[in-house]
Amino acid sequence: MHDITIRGAGIFGLSIAWACLRRGAKVQVIDPNGPAAGSSGGIVGALAPHVPENWNPKKAFQLESLLMASTFWREVDAAGGGESGYARHGRLQPIPDPHLLELAQARAGTAKALWQDHATWQVIPATGAAWEPASPTGLLIRDTLSALVHPRKGCASLVRALAAHGVPVTTEGADEGSTLWATGVAGLETMNAAHHRVIGAGVKGQAALLQHDAKGAPQLFAGGVHIIPHQDGTVAIGSTSERDYDDPDRTDAQLDEVIGRARAAVPVLADAPVIARWAGVRPRARSRAPMLGPWPDRPGHFIANGGFKIGFGMAPKVAEVMADLMLEGVDAIPDGFRVADNL
């Protein structure tokens, strides 16, 4: 008999399974499509913080999770002998005009107050190095909180860690114990059908993988594009945000535009070949925050959904909060994250 049934083997489901397993729970993970079959099987993996101002529970939760990530992924990789591709090398962003320079300088002060000694946000001069975004002011923002993980490899590492402790991902099985639904877009659609208003929806994203070795360098955000130098010698470029789409798995000219913006912002990528193109639909809750907690009117059932663009960054903290709730009865879900906030 299992204590916990996890339905959904994306980043939330796998992370929560790992957190529950580490606390001694008997866990099963079920996904008819296999691990990382949805948006968790993407290629970008930017673990980037919100700007350090107008502080709120969502930003505080994200900060805690980003600071937990190094230990989380190190333990996962060690447990299964895998490689998640996690690294924390910070991020560079160009400062295009004096107004944004003033904002960036102000945020350096608020980052010091909010992030304390954990990370910094600084305005620095551009050096003209090849791995820098072009900046009209000659200045860049550098933060040391941003990190990255390879989404597919991160999920695969979690699968290996769970399997090493006797927890495979299966395609079918009966609910036993408390049941967590981390079923992404399909889960949102199920909830939408049972309520009078939209609880959440899928947002399509398109991304590309380029062959260019910049491992160990900071990630870049320029031209509205995340540019992520993975540890395997590739660079991920992403992504679009499409609420209206015909084919959820097809890439098109919108991705070509994203690639073009990345090449314009970072000329060293101009001739880097595109080795993969990806499209998928990410679950976005109505509140725009992860949706966590008991499933209303379904005793013993819980929900973790709505990771959207920040699911991998939020996963370490989401896992601990949901393990607290399901195993200990401790509700540490912050305001704005509850399932009820979306009903």
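## Two sheets, two cores

Six strands form an open sheet in the order β8-β2-β1-β9-β16-β15, with mixed pairing. β8 (169–170) and β15 (291–294) stand at its edges. Each has a single partner strand, so one side of each is left without a neighbour in the sheet. The model is predicted.

**The six-stranded sheet**

Take the β8 edge. Strand β2 (residues 27–30) runs parallel to β8, and 2 bridges join them. Here Ile 30 stands opposite Thr 170 of β8.

At the other edge, β15 and β16 run antiparallel, joined by 4 bridges. Leu 292 stands opposite Ala 304 in β16. The two strands form a hairpin with 6 residues between them. In that turn, Asp 297 has a positive phi of about 70°.

Strands of a sheet pair through backbone hydrogen bonds, either parallel or antiparallel. This sheet's pairing is mixed.

**The eight-stranded sheet**

A further open sheet has 8 strands, ordered β5-β6-β4-β11-β12-β13-β10-β14. Its pairing is mixed too. β5 (121–125) and β14 (274–285) are the edge strands, each pairing on one side only. Neighbouring strands are turned by 25° against each other on average, direction ignored.

Part of this sheet can be followed strand by strand. β11 pairs with β12 in the antiparallel sense over 3 bridges, and Leu 220 stands opposite Ile 227 in β12. β12 and β13 also run antiparallel, with 4 bridges. There His 226 stands opposite Gly 238 in β13. Strand β10 (residues 200–211) and strand β13 (residues 234–238) run antiparallel as well, joined by 5 bridges. Leu 210 has Val 235 as its bridge partner in β13.

β12 sits inside this run. 4 of its 5 residues are buried, so β12 is largely enclosed by the rest of the structure.

Helix α6 (residues 253–265) lies across β10, β11 (219–222), β12 (225–229), β13 and β14. It runs at about 50° to β10.

The hairpin turns are listed here.

| Hairpin | Residues between strands | Residue with positive phi | Phi |
|---|---|---|---|
| β11 and β12 | 2 residues | Gly 223 | near 60° |
| β12 and β13 | 4 residues | Gly 233 | about 85° |
| β15 and β16 | 6 residues | Asp 297 | about 70° |

**The nonpolar cores**

In soluble globular proteins, nonpolar side chains tend to be buried together. The largest nonpolar core here has 60 residues. Ile 16, Val 27, Val 29, Trp 73, Leu 180 and Met 322 touch the most other members. At least two residues each come from β1 (4–7), α1 (11–22), β2, α2 (57–80), α3 (98–115), α4 (151–164), β16 and α7. The largest share, 10 residues, comes from α7.

Leu 180 shows how these parts meet. Leaving aside neighbours within four places in sequence, Leu 180 contacts Thr 5, Ile 6, Arg 7, Ile 16, Phe 302, Ile 303, Ala 304, Met 322 and Met 326.

A second, separate core has 21 residues. Among them are Leu 210, Val 235, Ile 259 and Ala 265. Leu 210 and Val 235 are the bridge partners already met between β10 and β13.

**Two helices: α7 and α3**

How much of α7 is buried? The count is 14 of its 18 residues, so α7 is largely enclosed by the rest of the structure. Does its length fit? At 1.5 Å a residue, the 18 residues of α7 (residues 311–328) should span 26 Å. The end C-alpha atoms of α7 are 23 Å apart, which agrees. α7 bends by about 40° at Lys 317. Gly 329 follows α7, and its phi is positive, near 75°.

The 18 residues of α3 should likewise span 26 Å at 1.5 Å a residue. Its end C-alpha atoms are 25 Å apart, which agrees. α3 bends by about 25° at Gly 109. Its buried residues are Leu 101, Ala 104, Arg 107, Ala 111 and Trp 115. These buried residues pack against α2, β5 and β6 (139–143).

Conventions
Residues are numbered from 1 along each chain as its sequence is written. This is a predicted model: local features need pLDDT of at least 70, side-chain atom pairs count only at pLDDT 80 or more; totals for chains, interfaces and linings use all residues. Side-chain values use heavy atoms; hydrogens and water are left out. The expected span of a helix is 1.5 Å times one less than its number of residues. The bend at a residue is the angle between axes fitted to the seven residues ending there and the seven starting there. Buried means under 20% relative accessible area, exposed over 50%, partly exposed in between (1.4 Å probe, protein chains only). Two strands pair if DSSP finds at least two bridges between them. A nonpolar core is a set of buried Ala, Val, Leu, Ile, Met, Phe, Trp, Tyr and Cys residues joined through side-chain atoms within 4.5 Å. Contact means heavy atoms within 4.5 Å. Axes are lines fitted to C-alpha atoms, for helices over the stretch in contact, and angles run from 0 to 180 degrees between N-to-C directions.
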